[in-house]
Amino acid sequence: MGQAGAIGEGARIVHPLVRLLSLYRDHLGLATSVVAGLGLVNLAQPATAWLVGLAVEDLRSGIAVRPMLGGGLDASGAWTWVWILVGVTVLRGLLQYGSTIIAMVLGQRLLHTMRDRLLQAVQGLDLAWHRLHGAGEVINRATRDSDLVRDAIVGGSRNLFELALVILGTVGLLLYYHWLLALVPALLVLVAIVIMKRQAARLVALDRQAAASYDAVSQELSEGIHGVRVIKAFALEDQRIDRFSDRVDAFTVKARAAVRYTAVRLPLPQLIVSLGHVWVLGCGGVLVSRGQLVPGDLIAAVMVIQGLVFRVEAIGSLVRMFADASSSAGRIIEIFDARPAIPASGIAPPDGPLAVRLEAVTVRIANRTILDRIDLELAPGTITALVGSTGSGKSTLAQLVPRLRDPDGGRVIVRSQSEPWIDLRTVQPQAWRRRCQLVFQEAFLFSDALAGNLRMVCPEASDADIQEVLRLAAAEEVAASLPEGINGRIGERGVTLSGGQRQRICLARALLARPAVLVLDDATSALDAVTESRVLGNLRSHLSDTAILMICSKPSSCAAADRVLLLRDGRIAGAGTHAELSAHDTTYRDLLGLDREVAA
Amino acid sequence: MSKGTTAPAAPGRPSDLQDEEEQARAKLDRATASRLWELTRGSRKALLGLASLEAIMVVSIVLRPWFLADIIDHTIAGTATINVFVFALGGLLATWLVRFGGAGVAHWMAGHIALRVLARLRSRLYAHVHGLSMRYFDSTRAGRIVARVDRDVEALQPALVNAAPEGLGVLLRFTGASVAMALIDPWLLLVLAPLLPVLLITAMLFRKAGQKRWGQVAEAKSRVTAQLCESITGIGVIQQSAAESSNRERYGRLLSDLDDSAIRASYAWGWFGPFTALLSTVGIAALLLVGGIHLAEGRISVGELAQCVFYVFLFLGPLQEIGDLIERLATASAAAQRVFLLLDTRPDITDAANARPLPAVTGTVTLSGVHFAYLVDKPVLRGIDLTIRAGETVAVVGPTGHGKSTLVQLLSRFYDPTAGSVSIDGHDLRGVTQDSLRRQIAVVPQDNVLFSGTIRDNLRLARSGASDAEIDDAVIRLGADEVLLALPMGLETDCGPGGTNLSHGQRQLVCLVRACLADPKVLVLDEATSAVDIHTEGRIRRALKRLVAGRTAVIVAHRLATIRDADRIVVIVDGLIAEQGGHDQLMSAGGRYAALYASSQLAGG
């Protein structure tokens, strides 16, 4: 799939739905054949009615079935009509089948492009953007909104096109018979469309209210299931069940309003169109008695107008579909248009052992200064520990190093041995992250094989490599416990792992990349002391050239570091070895709980 | 794991659909129908009304072509007076009024019934789910449970509300058209008859093929969605691993699978529309042929022939709709089976028939000979004997995965032991009501879940009548004020869905305060402060010391500062108590605990 330039930037004035529809431009050939095919198919419908009219006329006038000389009837004319009708329908069926398949292929291609673009856009946006919008919201856009858009741009646009053709075909055939036959139904259809459009606006509003109160139901449901342990622990079942029922009832009230509105208002435009049917029969009857129309044509006219009465019903739902889709399209286009704060371009990162330095780095989030002119350096082959209280900005600092976030002020620079320093902003982020691994605080694994989870960072790693890093991360027992070893599935639908096991696998994943810089964001918090010290020992002995930044909270971890930094109020408030800091720094002693407190 | 799988995307991985089909296959269909009928109790009169309405509408539909015939015959015969026109057109208008007016009322009625029945079913399912035991939640994905109450209930609507009246309507239209045609000319009906089995059989075949293929499409679609959701939740890891392009490729493959299955499905399904159109045309052609002969013979009039052309649509149309109806019913019945399966799921843990409320206890907890296994052949606890005196604080330590958290689950009766017993003040937990038990024992679990709403709302869950002052006081008493009150909005901070607006450590603090507010006799903390910085944890520990006075406390922890303070330390290794005693006692014993302690204190403290 290419860049799909059709929905690229610079088209901000254009309606979002139109911009998504313009994806069709990439498949002009297919689109043309679908339009042509469906056009013929839908025009074949009035054409069939026309043929039936002619056939009836032939029968009535005695052309099709004639008395034969020797008695009996010659029905060969009627047989001709049988073959004509069946032939036309077969042709039309083949055409319809072909067009349907091509339309399906086209629709899928379009959706494929749209979904692929969406993933690409979402993946390209930086963590700050994701944090701002929240996973729930992004997932909603990627699933529900894109489904609504799909309905409109694939099914909806086809229905709209077909409906237009049926209206045109019907009015056209009526016009062919007599202009009086066509005039009134055409006007009535116009009036009905205007009414339906107005109603649809109100219905969309009602639907949205209902949808919003259904969101409350879903939210309550999801929290009730995810929080079941807490609900049980506090015997909150009855309370939550009542709350849920209240939400359901509130939704029912809103949904009822929408149902009532449709039930009361929708019959009006339909009745208006059905007046067209009455008109055609009445006017046609008069024309027949005056000899201006033959009875067969009248039958055909009644046939097509009756078909139209039922098709017009769909206008209302089409209008609603497009109204729903247009706000969804807006939300999707927003993602397409969002500018990643970290563009995916830049120079290759330097080779060899690396040093990283933060110079006067400042980060602000929502007008609060989280990090305030921080200076620190990570040297190859050293372990730097970073401690700070809950919410002091440690994780934010951790994300600056692999450039998952850029600082608002100051810079992060990197160099190889004695080469000149390079500003990270000039380095290609993906390439840099292959050299600089961050292990997150909350261990996230994909539902995939254990090996698949690890190979994310290094697709060419051998099984032996994987066993090796699992050993380094003290996670070999996880693989041993899976029936299929490293090929066993973990994550959702796979074996459930404990927090400590997940942390160790995430660590193993980072190690597989053989990083020059490794950042551990409290990534060993769930490990017991023995395992943790074994892991840290392995890091030191096997990653002897790696610059390691370890965010931690336990004294034992700090003691294993070469240097400890104390983060407080967004600044580095203390630096030194664990021994130095614990000897002189009371804040540090307090933070790590080194003073055996006398019972307060 | 792997059973016969059809999806090419990930071999060896059974699909959700297959899982569920397998779960649901056992018994069904007739039972399903009667149980669905059961659900409509209370709305049956309305359903009957709906059905009668449908019948009235059918009459108007069957009458309509007759007015056409009337006009045609009169105009041809030159007998079309103004009265004829007024009568026919008035009648025609009346049929439309009945048709669309009736449709409006039917929509209103069906909507009301549906909303009512589904709302009741949703609430019932939700209540039922909350009666199930932890084993169910631990072994069933949350998303799947949500789908039962959400999508599957929605999918029942056609079966519960629309199917019966629509089915009746279909039947009546078919009968009406047949009778009308037979009255005009029985031969015409006979000519059409052979089309019936053809249409019915093909509708069934298409339905079968379609169901299977649409199932595959749904499966492919759900894989795509799952992958997308995972990519969004794991975006940090993807970016960190520079795995954007490989993830996109993988997603692209799933998309192509979806494309293929959707297109394949339309290959099979796409024939249905053209085929039924062909049958209709064959019907009309046959009618014109026979009707034409009869016309020539003077047995029927032109108007009657035209009338019958319309009856062909009425005659065959319902059969096409039957296919559609069956299709929707099939979807609904699959959903119904899953819903009923959930309703049939019985909790492993229920209040015994003679269960009594737990009286006020002092808090002596006794485990005797406790064995436990989640899976039959993998014992987790292998004979634990432990008595915790009222008011005692016990720390449970040991390597990850050796049974500490399991022990905790047994204390609050989230699970029952496979052998042995757990009791409080001599009351076996199996003999008391779960509600009364959990009012006196509060657990702070590892996974800290908050509900949307403010921190204050979340705290109030534990004690619904608590005043603002009491809540503030609890936060301060526990030493969580430094962190929680420092938030921009303090206790009024919105936690966000699932508590995602707060950091891990902040969430843990809220959970801890919540547990203390419940004022339990027995307090169980399972790694409850693992993400809180040590300074704050220290404050909490000191506060807890005061708070646990007069309560029994069981604390699972890694941080030794927390453990050290306990009255007794129990070391669990391999599902057994390896050693127990005070900190100094265990240190001098030089066993597992001493080793653990030494490694964490490498640099001294």
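Trainee: Leaving aside neighbours within four places in sequence, which residues is Gln270(A) in contact with?

Mentor: In this predicted model, Gln270(A) is in contact with Glu313(A) and Phe100(B). Gln270(A) has its place in helix H9 (residues 267-289) of chain A.

Trainee: Why is Gln270(A) called buried?

Mentor: Its relative accessibility is 3%. Buried means under 20%, so Gln270(A) counts as buried.

Trainee: How far can the model of chain A be trusted, and what is its mean pLDDT?

Mentor: The mean pLDDT of chain A is 86, and 96% of its residues reach 70 or more. Over residues 1-12 of chain A, however, the pLDDT is below 50. That stretch has 28 contacts in the model beyond near neighbours in sequence. Where pLDDT is low, the predicted coordinates should not be read in detail.

Trainee: What makes up the contact between chain A and chain B, and how many residues does each chain give?

Mentor: Chain A gives 148 residues and chain B gives 153 residues. The two chains bury about 13800 Å² between them, with 68% of it on carbon and sulfur atoms. Between chain A and chain B there are 27 residue pairs in polar contact. Helix H3 (residues 76-124) supplies the largest share of the side of chain A that touches chain B, 23 residues. By class, that side has 78 nonpolar, 40 polar and 30 charged residues.

Trainee: How do you know that Glu244(B) and Arg433(A) meet in a salt bridge?

Mentor: The N to O distance between their side chains is 3.7 Å. The cut-off is within 4 Å, so the pair qualifies. The count between chain A and chain B is four salt bridges, and over all chains the count comes to 46.

Trainee: What makes Asp147(A) and Arg150(A) a salt bridge, and where do they lie?

Mentor: Their closest N and O atoms are 3.8 Å apart, which is within the 4 Å limit. Both lie in helix H5 (residues 135-177) of chain A, three residues apart, about one turn of the helix.

Trainee: Why are Asp147(A) and Arg150(A) called partly exposed?

Mentor: Asp147(A) is at 22% relative accessibility and Arg150(A) is at 23%. Partly exposed is the class between under 20% and over 50%, so Asp147(A) belongs there, as does Arg150(A).

Trainee: Which residue forms a salt bridge with Arg247(A)?

Mentor: Glu220(A) does, with the closest N and O atoms 3.6 Å apart. The pair links distant parts of the chain: Arg247(A) is in helix H8 (residues 237-265) and Glu220(A) is in helix H6 (residues 179-226), 27 residues apart. Glu220(A), Glu223(A), Arg240(A), Arg243(A) and Arg247(A) are linked in a network of salt bridges.

Trainee: Is Glu220(A) buried or exposed?

Mentor: Glu220(A) has a relative accessible area of 2%. That falls under 20%, so Glu220(A) is buried. Arg247(A) stands at 28% and therefore counts as partly exposed.

Trainee: What is the class of Arg41(B), and why?

Mentor: Exposed, because its relative accessibility is 51% and the class begins over 50%. Glu38(B), at 40%, is partly exposed. The side chains of Glu38(B) and Arg41(B) meet in a salt bridge at 2.5 Å, N to O.

Trainee: Where is Thr382(A) found?

Mentor: Thr382(A) is in the loop between strand S4 (368-378) and strand S5 (383-388) of chain A. A polar atom of its side chain lies 2.7 Å from the backbone oxygen of Ala379(A).

Definitions and conventions. Residues numbered from 1 in each chain as written. Chains lettered and ligands numbered in written order. Predicted model: local features only at pLDDT ≥ 70, side-chain atom pairs only at ≥ 80, totals over all residues. Heavy atoms only, no water. pLDDT = per-residue confidence, 0-100. Contact = heavy atoms within 4.5 Å. Buried area = accessible area lost by both parts, 1.4 Å probe. Polar contact = N/O pair within 3.5 Å; in protein donor to acceptor, adjacent residues only side chain to side chain. Helix = DSSP H or I, 4+ residues; strand = E, 2+ residues; numbered from the N terminus. Nonpolar A, V, L, I, M, F, W, Y, C, P; charged D, E, K, R; others polar. Buried < 20%, exposed > 50% of the residue type's maximum accessible area, 1.4 Å probe, protein only.
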